[in-house]
Amino acid sequence: MFVTENGFTCKDENILPAAEAVRDTDRIEYYRGYTEALLEAITVDGVDVRSYFAWSTSLKRLAVVLWR
């Protein structure tokens, strides 16, 4: 299995200051739950997971801020 895009978005997240955007507990919990379920699919069910690509507007925004 190839998970080609998985993400989480929130209303108005692009207008948050960078310092506030990186303290994103909802997104952290979402990704934690998703990756735990993915690991369970691999270890318990034997799913052949080849890749996982996360997508996030906040991660994209953070990258832009960091690369300035």
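This is a short chat about salt bridges and one aspartate in a predicted model.

Me: How many salt bridges does a search of the whole structure find?
Reply: Two.

Me: Which side chain does Arg-32 meet in a salt bridge?
Reply: That of Glu-29. The N to O distance is 2.5 Å.

Me: Where do Arg-32 and Glu-29 sit relative to each other?
Reply: Both are in helix H2, three residues apart. That spacing puts about one helical turn between them.

Me: What about exposure for Arg-32?
Reply: Arg-32 is partly exposed, at 40% relative accessibility. Glu-29 is partly exposed too, with a relative accessible area of 48%.

Me: And the other bridge, which side chain meets Asp-48?
Reply: Arg-50. The contact is 2.9 Å, N to O.

Me: Is Arg-50 buried or exposed?
Reply: Exposed, with a relative accessible area of 56%. That value is over the 50% cut-off, so Arg-50 gets that label. Asp-48 has 43% relative accessibility and counts as partly exposed.

Me: Switching topic. Where is Asp-24 found?
Reply: In the loop between helix H1 (18–21) and helix H2 (25–43).

Me: Buried or exposed, that Asp-24?
Reply: Buried. Its relative accessible area is 14%, and the label follows because buried means under 20%.

Me: How far is the C-alpha atom of Asp-24 from that of Glu-13?
Reply: The two C-alpha atoms are separated by 9.9 Å. Along the chain, Asp-24 and Glu-13 are 11 residues apart.

Terms used: Residues are numbered from 1 along each chain as its sequence is written. This is a predicted model: local features need pLDDT of at least 70, side-chain atom pairs count only at pLDDT 80 or more; totals for chains, interfaces and linings use all residues. Side-chain values use heavy atoms; hydrogens and water are left out. Helices (H or I, at least four residues) and strands (E, at least two) are DSSP runs, numbered from the N terminus. Buried means under 20% relative accessible area, exposed over 50%, partly exposed in between (1.4 Å probe, protein chains only). A salt bridge is a side-chain nitrogen of Lys or Arg within 4 Å of a carboxyl oxygen of Asp or Glu.
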